[in-house]
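Trainee: I should be grateful for a close look at a single part of this structure, set in the context of the whole. Please choose the part yourself and give one connected account of it.

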Amino acid sequence: MRLFMFTSQAKDDLHAFAGDESGSKLPGKYAPWGLTGTLGSREAPPHKFSRKAIEQAISSEGFQLWRMKPKG
């Protein structure tokens, strides 16, 4: 599965993985979403996230949200 990475333009610290390039299943309440990158089927996700967990969430929910911890 190819993964597409997005950042919410409504909430700076909110990011998401989706299964399609348009992010059609991402939650509208955090829109607009900006595409920030893609991962091929053999590439590891950033921050040591579990690719299996991301793929399961996309299969069941259509997306996987994540946040960056504040620095400091």
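**A close look at strand 2**

Mentor: Of the 72 residues in the protein chain, 36% are buried. The model is a predicted one, and every value below is computed from it. I have chosen strand 2, residues 14–18, since 5 of its 5 residues are buried and the strand is therefore largely enclosed by the rest of the structure.

The setting comes first. The protein chain contains 1 helix and 4 strands, and from the N terminus these elements follow in the order β-β-β-α-β. A compact globule of 72 residues would have a radius of gyration near 11 Å, and the 12 Å of the protein chain agrees with that expectation. The C-alpha trace spans about 30 × 30 × 20 Å along its principal axes. Among contacts with a separation of 6 or more, 56% join residues 24 or more positions apart.

The strands form an open sheet of 4 with the order 3-1-2-4 and antiparallel pairing. Strand 3 (33–39) and strand 4 (63–67) are the edge strands; each has a single partner strand, so one side of each lacks a neighbour in the sheet. On average, and with direction ignored, neighbouring strands of this sheet are turned by 25° against each other. In the order 3-1-2-4, strand 2 stands between strand 1 and strand 4.

Consider the pairing with strand 1. Strand 1 (residues 3–8) and strand 2 are joined by 4 bridges in the antiparallel sense, and the two form a hairpin with 5 residues between them. Within this pairing, Phe-17 of strand 2 is the bridge partner of Met-5, and Ala-16 stands opposite Phe-6. On the strand 4 side, 5 bridges join strand 2 to strand 4, again in an antiparallel arrangement. There, Leu-14 stands opposite Arg-67 of strand 4. In general, strands of a sheet pair through backbone hydrogen bonds, either parallel or antiparallel.

The side chains of strand 2 divide between two directions: Leu-14, Ala-16 and Ala-18 point one way, while His-15 and Phe-17 point the other way, and all of them are buried. Leu-14, Ala-16 and Ala-18 belong to the largest nonpolar core, which has 9 residues, the others being Phe-4, Phe-6, Leu-26, Tyr-30, Trp-33 and Phe-63. Strand 1 and strand 2 are the elements that give two or more residues to this core, and strand 2 supplies the largest share, 3 residues. A second, separate core of 7 residues includes Met-5, Leu-39, Ile-54 and Trp-66. As a general tendency, nonpolar side chains in soluble globular proteins are buried together.

Ala-16, which lies in strand 2, shows the enclosure at the level of one residue. Its relative accessibility is 0%, and because burial is set at under 20%, Ala-16 counts as buried. Leaving aside residues up to four places away in sequence, Ala-16 touches Phe-4, Met-5, Phe-6, Leu-26, Trp-33, Gln-64, Leu-65 and Trp-66. By contrast with these contacts, Ala-44, 28 residues from Ala-16 along the chain, has its C-alpha atom 15 Å from that of Ala-16.

Two further residues connect strand 2 with its surroundings. Phe-63 touches Phe-17 of strand 2, together with Lys-25, Leu-26, Pro-27, Ala-57 and Ile-58, when residues up to four places away in sequence are not counted. Ser-8, found in strand 1, is buried, with a relative accessible area of 2%. With the same exclusion of close sequence neighbours, Ser-8 touches Leu-14, Tyr-30, Pro-32 and Trp-33. A polar atom of the Ser-8 side chain also lies 3.1 Å from the backbone nitrogen of Ala-10.

The helix completes the surroundings of strand 2. Helix 1 (residues 51–61) lies across strand 1, strand 2, strand 3 and strand 4, and runs at about 125° to strand 4. In summary, strand 2 is joined by bridges to strand 1 and to strand 4, is crossed by helix 1, and gives 3 residues to the largest nonpolar core.

Conventions. Residues are numbered from 1 along each chain as its sequence is written. This is a predicted model: local features need pLDDT of at least 70, side-chain atom pairs count only at pLDDT 80 or more; totals for chains, interfaces and linings use all residues. Side-chain values use heavy atoms; hydrogens and water are left out. Two strands pair if DSSP finds at least two bridges between them. Axes are lines fitted to C-alpha atoms, for helices over the stretch in contact, and angles run from 0 to 180 degrees between N-to-C directions. Contact means heavy atoms within 4.5 Å. A nonpolar core is a set of buried Ala, Val, Leu, Ile, Met, Phe, Trp, Tyr and Cys residues joined through side-chain atoms within 4.5 Å. Buried means under 20% relative accessible area, exposed over 50%, partly exposed in between (1.4 Å probe, protein chains only). A polar contact is a pair of N or O atoms within 3.5 Å; within protein, one must be able to donate a hydrogen and the other to accept it, and residues adjacent in sequence count only if both atoms are side-chain atoms. The radius of gyration is taken over C-alpha atoms; the globule rule is 2.2 Å times the number of residues to the power 0.38.
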